[in-house]
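I opened the model to look up some strand pairings and salt bridges. My notes follow in the order I made them.

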Amino acid sequence: MLIKQPPDIPGSEITSEQAFLNRRQFMKQGAILGAGVGIGGTAQAGLQADDEVTPEAIVTSYNNFYEFGTDKSDPAKYAHEMTIDPWTVEVSGKAKKTGKFAFEDIIKGLDVEERIYRFRCVEAWSMVVPWNGIPLKKILEQFEPSGDAKFVEFRTLVRPAEMRGQRGLFSSIDWPYLEGLRMDEAYHPLTLMVTGVFGKDLPNQNGAPWRLMVPWKYGFKSVKSIVSIRFTDRQPRNTWQALQPSEYGFYANVNPEVSHPRWSQARERRLPSSLFAPNWRPTLPFNGYADEVADLYAGMDLSKFY
Ligand code: MTE
């Protein structure tokens with residue numbers, strides 16, 4: 001595994017512990033990038049020499065967050081209407097510790113790490129993003145899931161008063177936005193619960209206060225603004241599969257060989273990209289993380305389990 005180890009970081013008196021951890025970890029990584037051994041080096045998993053970090057202005061303004069509208073610019077315009085403090089998370093299902101928990105209490109004492117990941121949307125655009133977050137395994141273990149917890153399901157907040165996309169008009173989605181992972185996927189060291197980006201707390205449009213990041217899967221698996229974690233023995237329903245089962249599956253592993261019914265997945269537009277300068281590049285199996293994750297799917301026909 002080529003993942004940076006978490007440093008031993010003390011809390012801060014002048015800012016929230018989470019913001020401090022996000023920023024501190026980012027600055028440390030910045031120093032590594034400055035020394036030229038970050039990207040393309042051993043500090044980050046799966047990155048290639050020509051993977052440049054996408055400008056922050058794009059990462060935080062070109063978004064999919066249908067709770068705020070379907071246009072890429074809607075989340076940055078309207079997500080500030082969502083209140084994220086206090087933030088309560090309900091943990092349920094097949095685990096020893098279930099109930100309602102304050103977000104701060106769940107992440108307390110856990111090290112925030114920086115991971116620069118390639119991020120590939122099913123719509124065939126991609127970015128390279130410096131996320132700050134906590135390995136999902138460290139979060140889930142706290143609830144002591146039982147042996148028959150085979151999957152974990154995540155739900156996004158439902159609050160139409162603050163989420164204009166949930167108020168009906170454009171909404172073909174049956175809220176809440178739902179996603180799920182197999183437990184071995186959830187426990188994989190690359191799977192991150194993201195609390196920050198570019199060394200700052202996560203902006204609302206990117207899924208504050210925390211969102212999933214599974215870098216070898218299409219972006220729709222990376223559910224935002226999570227308020228519920230449920231351990232289950234059955235494969236959960238996920239929003240896009242429920243909406244259009246012929247187009248979106250449960251696994252959603254990035255796969256250049258399996259086309260979306262309406263477009264090829266063989267290549268992607270790396271942002272920034274324009275109509276006149278589309279910046280195409282080939283899409284890699286498992287988004288370039290095959291060495292780390294292909295074993296999870298040994299023996300599975302990935303054209304069937306798409
Ligand atoms: N989570 C929720 N709750 N609602 C959404 O509409 N969109 C998904 C995913 N998570 C979405 C979501 C899709 S399709 C993508 S590509 C990513 O979020 C986009 O993340 P970003 O806006 O941070 O780039």
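Entry 1. I started at one strand pair and found Ser126 opposite Arg270 of β11. I note that the model is a predicted one. Ser126's neighbourhood is strand β4, residues 125–135, which runs parallel to β11 and is joined to it by 2 bridges.

Entry 2. I then checked the other pairing of β11. Strand β12, residues 280–282, pairs with β11 over 3 bridges, in the antiparallel sense. Here I found Arg269 opposite Trp280 of β12.

Entry 3. Which side chains of β11 are buried, and which are not? I looked along residues 267–270 and saw an alternation. Glu268 and Arg270 point to one face and are buried. Arg267 and Arg269 point to the other face and are not buried. This is the pattern of a regular strand, where side chains alternate between the two faces of the sheet.

Entry 4. I moved to strands β1 (residues 88–93) and β2 (residues 99–102), which pair in the antiparallel sense over 4 bridges. The bridge partner of Glu90 is Lys100 in β2. A hairpin of 5 residues joins β1 to β2.

Entry 5. How many salt bridges does a search of the whole structure find? I got 23. I looked up a few of them.

Entry 6. Glu144 and Lys97 form a salt bridge, with the closest N and O atoms 3.2 Å apart. The two residues are 47 apart in the chain: Glu144 is in the loop between α5 (136–141) and β5 (151–156), and Lys97 is in the loop between β1 and β2. Are the partners buried or exposed? Glu144 is partly exposed at 33% relative accessibility, and Lys97 is partly exposed at 42%.

Entry 7. I next took Glu153, which has a relative accessible area of 3% and is buried, because the cut-off for buried is under 20%. Arg155 forms a salt bridge with Glu153, with the closest N and O atoms 3.0 Å apart. Arg155 is partly exposed, at 30%.

Entry 8. Glu153 also meets Arg230 in a salt bridge, at 3.0 Å from N to O. Glu153 lies in strand β5 and Arg230 in strand β10 (residues 226–232), so this pair ties together parts 77 residues apart in sequence. Arg230 counts as partly exposed, at 27% relative accessibility.

Entry 9. Last, I traced salt bridges that share partners. One network joins Asp50, Asp51, Arg118, Arg120, Glu268, Arg270 and Arg281. Among its members are Glu268 and Arg270, the buried side chains of β11 from entry 3.

Conventions. Residues numbered from 1 in each chain as written. Predicted model: local features only at pLDDT ≥ 70, side-chain atom pairs only at ≥ 80, totals over all residues. Heavy atoms only, no water. Buried < 20%, exposed > 50% of the residue type's maximum accessible area, 1.4 Å probe, protein only. Pairing = 2+ DSSP bridges. Salt bridge = Lys/Arg side-chain N within 4 Å of Asp/Glu carboxyl O.
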